[in-house]
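Student: Hi! Could you walk me through this structure before I set anything up with it?

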Amino acid sequence: MAILAGFCTYNEYNSISKNPLSLLFFLFMITAAFFACRAFNKLISSYRQGRIDSHTVGIRLNKLFTINIFAPITAGLFQGIITCILLASGKAHFAAFQGTKPYVPVIIFSLAVVFNFALLFYVFNIRIFETEINDIPFKSDEITMSLTQRNFLTVLFSLLGVLGYLIVITMIPQNVENGVNGLLKKMIPYAIYSMIYFAVIEASLVSDVKNCVKSIGKIASALALKNYSVEDEKANNRSELGVIIQDMNSMKAATATLLNNINMSTKATSDQSDDLVDNMSVTKKNVDSITDAIVNIKGRMEDQVNGVEESNASTETIMANINRLNTAIAEQANGVNQSSAAVEEMVANIQSVTDILEKNSAAVNNLAKAAEQGKDQVSIAVGTAEAVYKESEGILEAANIIQHISSRTNLLAMNAAIESAHAGESGKGFAVVADEIRKLAEQSGTQSKAIGGNLTNLSASISRISEEIRQVQTAFENIYDLSQTVKQQEEVISNAMEEQTAGNQQVLEAMHAITNSTAQVQTGSTEMMEGGSRIVKEMRNLKMITEEINDNMTQIENYSLQVSEAITMTTESTHNTKESLDKVIEGISEFTLK
């Protein structure tokens with residue numbers, strides 16, 4: 001370029017380029033270029049080996065590219081300075097300057113060469129390098145140079161290079177001496193070169209933009225045709241267009257993933273809708289079955305309510321009977337207490353009679369035979385009484401005891417009447433007592449007849465007893481005739497009183513036993529009343545609980561009907577949802593996905 005501009009001859013340039021200082025500078029530039037390339041390669045290798053991330057790569061690349069812009073300019077400036085040093089030291093000489101100092105033109109020409117050739121190689125280097133690292137993603141803040149900056153710097157440096165050439169041509173004295181024609185001859189080749197150079201640079205930049213737009217158009221066309229299976233385009237230009245290409249790749253991938261997920265989810269939801277419809281049908285049948293069961297349970301609960309009411313009424317009736325039984329037991333207890341008091345009084349009277357009769361013990365021997373005969377008759381009466389006793393076994397335990405006491409008391413009364421007959425005037429008081437005892441026995445018999453219902457069968461036995469008693473009475477009349485002569489002979493009577501006392505003691509013990517049994521029966525009756533009251537209370541509570549359960553079953557029935565209606569609505573909604581999903585699936589099927 002220097003020779004073409006008339007700056008120097010070939011030999012003059014050779015003297016500069018072969019100078020050790022220039023060679024040393026060229027060696028430094030080659031070494032710097034080597035380390036710069038190595039730094040680039042190491043950075044890219046670190047990323048591809050996973051030691052650094054893409055953002056770090058972008059930041060460091062920006063720094064390296066910035067250095068790569070200013071380093072050649074600085075190198076061109078130093079090259080001009082070295083040339084000036086060689087010219088000043090006399091180791092080089094430019095004859096075209098005719099002895100003038102060419103320092104300023106040298107500096108300007110050196111920068112013009114850098115602006116042309118270095119810029120051209122820089123553009124090609126950027127294109128090749130960015131194509132090689134198109135697998136490294138980058139963001140807007142990691143752009144090496146924007147399109148505006150690239151175009152501006154390219155035009156600027158191209159104009160500065162051409163302008164520098166033209167200025168240097170006009171500053172060479174030898175070119176000026178050749179006149180305007182000489183200057184034009186020198187300028188026209190530069191003008192032609194500059195236009196070709198500028199056209200190449202701009203074609204390169206336009207080609208980059210065109211390729212980026214083509215890649216964007218390819219993705220956009222595929223997306224417009226709903227084809228998301230198209231391969232990703234490479235961002236061969238680290239500019240705004242490269243960011244757009246990456247964003248469109250990301251958008252395509254994200255949209256394809258989203259559509260795939262929607263497609264799978266929609267199909268799964270559609271299948272689930274079918275299952276849901278089937279399940280809803282089964283659930284509706286089950287709910288209908290539950291409703292029928294609830295209706296049946298409700299009917300049974302109503303029957304149970306009626307049964308509880310009837311049971312409650314029966315329980316109240318039982319309680320009324322228990323109250324009446326308790327009253328009867330209380331009356332019986334009073335009667336037994338009165339009988340016990342009368343027996344005790346009779347025992348006391350017998351004791352007093354015994355004391356009186358102790359003085360009369362001489363005439364007993366004459367009455368022995370008559371007493372023996374009376375004893376036989378009494379034995380017959382006792383046998384008959386035992387038959388009566390056996391026929392009374394069907395009566396309640398309390399009635400048996402009372403009947404036994406009544407029989408014994410009646411027997412004692414007859415014995416007392418007999419003895420009182422033997423005693424004569426002194427036995428009249430005892431006869432009164434015997435009569436009272438007989439009355440008490442009759443009262444006890446009456447009470448025992450009220451308790452039992454089996455005394456009807458005893459009438460025949462009682463008739464036989466009456467006949468035997470008449471025979472006994474006839475026999476005892478003989479004894480009475482004899483007793484007139486043995487008034488003072490009361491030993492037999494005394495013995496009989498002792499026996500009577502023992503019998504009365506047994507009667508008294510039996511009466512105490514009846515009293516205790518009556519008390520136990522009364523206690524049991526009281527407990528039955530308390531238990532019956534609790535049963536009545538529990539029956540009422542059961543009735544209330546049953547009514548509450550019946551009300552709850554009615555509510556459950558209503559809820560079941562509501563659930564059945566909701567299931568019907570859900571089934572309809574599921575059908576509608578499935579139709580919508582089918583439409584979505586049909587729409588997604590129009591997209592071509594991976």
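Tutor: Happy to; we can go from the overall fold to confidence, then to the empty spaces and a couple of residues.

Student: Great. What is the secondary structure of the protein chain?

Tutor: This is a predicted model, and its protein chain has 13 helices and zero strands. Reading along the sequence, you simply meet α again and again: α-α-α-α-α-α-α-α-α-α-α-α-α.

Student: And what percentage of the residues are buried?

Tutor: Of the 594 residues in the protein chain, 37% are buried. The accessible surface is about 33600 Å², and carbon and sulfur atoms account for 59% of that area.

Student: What about contacts along the sequence?

Tutor: If you take the contacts between residues at least 6 apart in sequence, 86% of them join residues at least 24 apart.

Student: How confident is the predictor, on average?

Tutor: The mean pLDDT of the protein chain is 76, and 71% of the residues score at least 70.

Student: Which elements have the lowest and the highest mean pLDDT?

Tutor: Helix α12 (residues 459-483) has the lowest, at 61, while helix α2 (residues 20-48) has the highest, at 91.

Student: OK, new topic. How far does helix α3 reach?

Tutor: Helix α3 covers residues 54-89, which is 36 residues, and spans 51 Å from its first C-alpha to its last. The expected value at 1.5 Å a residue is 52 Å, so the two are close.

Student: What follows α3?

Tutor: Gly-90 does, and its phi is positive, near 85 degrees.

Student: Is Asn-62, which sits in α3, buried or exposed?

Tutor: Asn-62 counts as buried because its relative accessibility is 16%, and the cut-off for buried is under 20%.

Student: Which residues does Asn-62 touch, leaving aside its neighbours within four places in sequence?

Tutor: Asn-62 is in contact with Asp-141, Glu-142, Ile-143 and Thr-144.

Student: Nice. How many cavities of 30 Å³ or more are there?

Tutor: The search of the whole structure finds five. The largest cavity holds about 230 Å³ of space.

Student: Which residues lie nearest the centre of that largest cavity?

Tutor: Leu-119, Tyr-122, Val-123, Met-145 and Phe-157 do, out of 19 residues in the lining. The elements giving two or more residues to this lining are α3, α4 (103-132), α5 (147-171) and α7 (179-224). The largest share comes from α4, with eight residues.

Student: What about pockets, say the second largest one?

Tutor: The second largest pocket has a volume of about 1100 Å³. Its lining has 31 residues, and Met-29, Ala-33, Asn-68, Ala-71 and Pro-72 are those nearest the centre.

Student: Which helix gives the most to that lining?

Tutor: That is α2, with 12 residues. At least two residues each come from α2, α3 and α4.

Student: Last one: where is Ile-16, and is Ile-16 buried or exposed?

Tutor: Ile-16 belongs to helix α1 (residues 10-17). With 6% relative accessibility, Ile-16 counts as buried.

Student: Which residues are in contact with Ile-16, leaving aside neighbours within four places in sequence?

Tutor: They are Ser-22, Thr-83, Leu-86, Ala-92 and Phe-94. Take Ala-92: in sequence Ile-16 and Ala-92 are 76 residues apart, yet their C-alpha atoms are 6.3 Å apart in space.

Student: Thanks, that gives me plenty to look at!

Conventions. Residues are numbered from 1 along each chain as its sequence is written. This is a predicted model: local features need pLDDT of at least 70, side-chain atom pairs count only at pLDDT 80 or more; totals for chains, interfaces and linings use all residues. Side-chain values use heavy atoms; hydrogens and water are left out. Helices (H or I, at least four residues) and strands (E, at least two) are DSSP runs, numbered from the N terminus. Buried means under 20% relative accessible area, exposed over 50%, partly exposed in between (1.4 Å probe, protein chains only). Contact means heavy atoms within 4.5 Å. Accessible areas come from the Shrake-Rupley method with a 1.4 Å probe; for residues, only the protein chains shown count as cover. pLDDT is the predictor's confidence in each residue, from 0 to 100. On a 1 Å grid over the protein atoms alone, a cavity is a set of points where a 1.4 Å probe fits but cannot get out, and a pocket is an open set with protein on both sides within 12 Å along at least five of seven lines; lining residues have an atom within 4 Å of a point. Grid points are joined across faces, edges and corners, and a volume is the space filled by probe spheres set on the points.
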